[in-house]
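This briefing is meant for a reader who is meeting the structure for the first time. Please look over the sequence and the model before reading on.

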Amino acid sequence: MEQKQARRGDRPAPGAFVTLEGIDGAGKSTQARLIAAALERSGRDVLSLREPGGSAISEKIRALLLDPANAGMGDTCELLLYEAARAQLVHEVVGPALAEGRVVVCDRFYDSTTAYQGFAGSVPREVAERANGLAVGSCHPDITLVFDLDPDLAAARMAGRAGAPDRMEAKGLAYQRRVAEGFRAIAREEPGRVRLVDAAQPVDAVFACALAELASAGLPVTAEAAREAIAAVGWERA
Ligand code: TMP
């Protein structure tokens, strides 16, 4: 905890890799902004990323993955494109940032592949996990927060959003239910790294729970930093 805080004249704080997961509409992206802002205001050098994306090549792959015109994409192609985007992100961005002692906050990472392509899709789980391993090598999250929300509630929240659903959102409610179950299973299996946060609460209560989990993983933020983050990010939804 304390030793992870950057202090002038001291050894630099080691990097930390935080990943945020959840079904579509769980409010994860708002929490990502709040968490990054609070860590920054607590003196950490934060890099915020999203998956798929976060590098020029990975953003191009993202566009392919989410384009509703690619409805004919097969499950193996889908799996490999997510892994290709991830491999490039780790190689070009995450690895170097962690080596510099930065805190990387990534909106989704390999647990999304296990939950979406594995649990909800047709890819056997062990294949998804082997593909994850190929993409990331030794680059694993230090802590993963899963924002857990009833898929019916998430669908109702998303119905209020502008724009047509992307290719993944268009897979429907039954798919999202399997994804949610997948994330819960991962959290049960890896309680040390993966923490469930009840995302049905008001945004500030979800944020408080997320901060408590981060503190327990050695990434404390001050109460003042949390207040400032809320003021800076505001309450608009992602
Ligand atoms: P986003 O909407 O959170 O930006 O994520 C894009 C979509 O891609 C979302 O529906 C989740 C999905 N996804 C997967 O299916 N597998 C993955 O490995 C990742 C990172 C995202």
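Where does the ligand sit? In this predicted model, the ligand sits in the largest pocket. The points below take up that pocket, then the surroundings of the ligand, and finally the enclosed space elsewhere in the protein.

**The largest pocket**

- The volume of the largest pocket is about 630 Å³, and its lining is made up of 32 residues, with Lys28, Ser29, Arg62, Asp107 and Arg108 lying nearest the centre.
- Two or more residues of this lining come from each of the helices α1 (28-41), α2, α3 and α4, and likewise from each of the strands β2 (46-50) and β3 (103-107).
- Sorted by class, the lining of the largest pocket holds 13 nonpolar and twelve charged residues, together with seven polar ones.

**Around the ligand**

- There are 14 residues around the ligand, and those that come nearest are Arg62, Tyr82, Arg108, Thr113 and Gln117; of these names, Arg62 and Arg108 also appear among the residues nearest the centre of the largest pocket.
- Oxygen atoms of the ligand are approached by two side chains: a polar side-chain atom of Arg108 lies 2.6 Å from one oxygen atom, and a polar side-chain atom of Thr113 likewise lies 2.6 Å from an oxygen atom.
- Gln117 has a polar side-chain atom placed 2.8 Å from a nitrogen atom of the ligand.
- The ligand taken alone exposes 480 Å², and of that area the protein buries 93%.
- The shell around the ligand draws two or more residues from each of α2 (56-66), α3 (75-99) and α4 (110-120), and α4 provides the largest share with four residues.
- In terms of class, six residues of this shell are charged, five are nonpolar and three are polar.

**The enclosed cavity**

- When the whole structure is searched, one cavity of 30 Å³ or more is found, and the volume of the largest cavity is about 30 Å³.
- The residues lining the largest cavity are Gly22, Ile23, Val146, Phe147, Asp148, Leu149, Ala180 and Phe183.
- At least two residues of the lining come from each of β4 (143-148) and α7 (173-189), with β4 giving the most, three residues.
- Six residues of the cavity lining are nonpolar, while one is polar and one is charged.

Technical notes. Residues numbered from 1 in each chain as written. Predicted model: local features only at pLDDT ≥ 70, side-chain atom pairs only at ≥ 80, totals over all residues. Heavy atoms only, no water. 1 Å grid on protein atoms, 1.4 Å probe; cavity = no way out; pocket = protein on both sides within 12 Å on 5 of 7 lines; lining within 4 Å. Points joined across faces, edges and corners; volume = space filled by probe spheres on them. Nonpolar A, V, L, I, M, F, W, Y, C, P; charged D, E, K, R; others polar. Near = heavy atom within 4 Å. Polar contact = N/O pair within 3.5 Å; in protein donor to acceptor, adjacent residues only side chain to side chain. Areas by Shrake-Rupley, 256 points an atom, 1.4 Å probe, with all protein chains shown as cover. Sits in = over half its atoms within 2 Å of the grid points.
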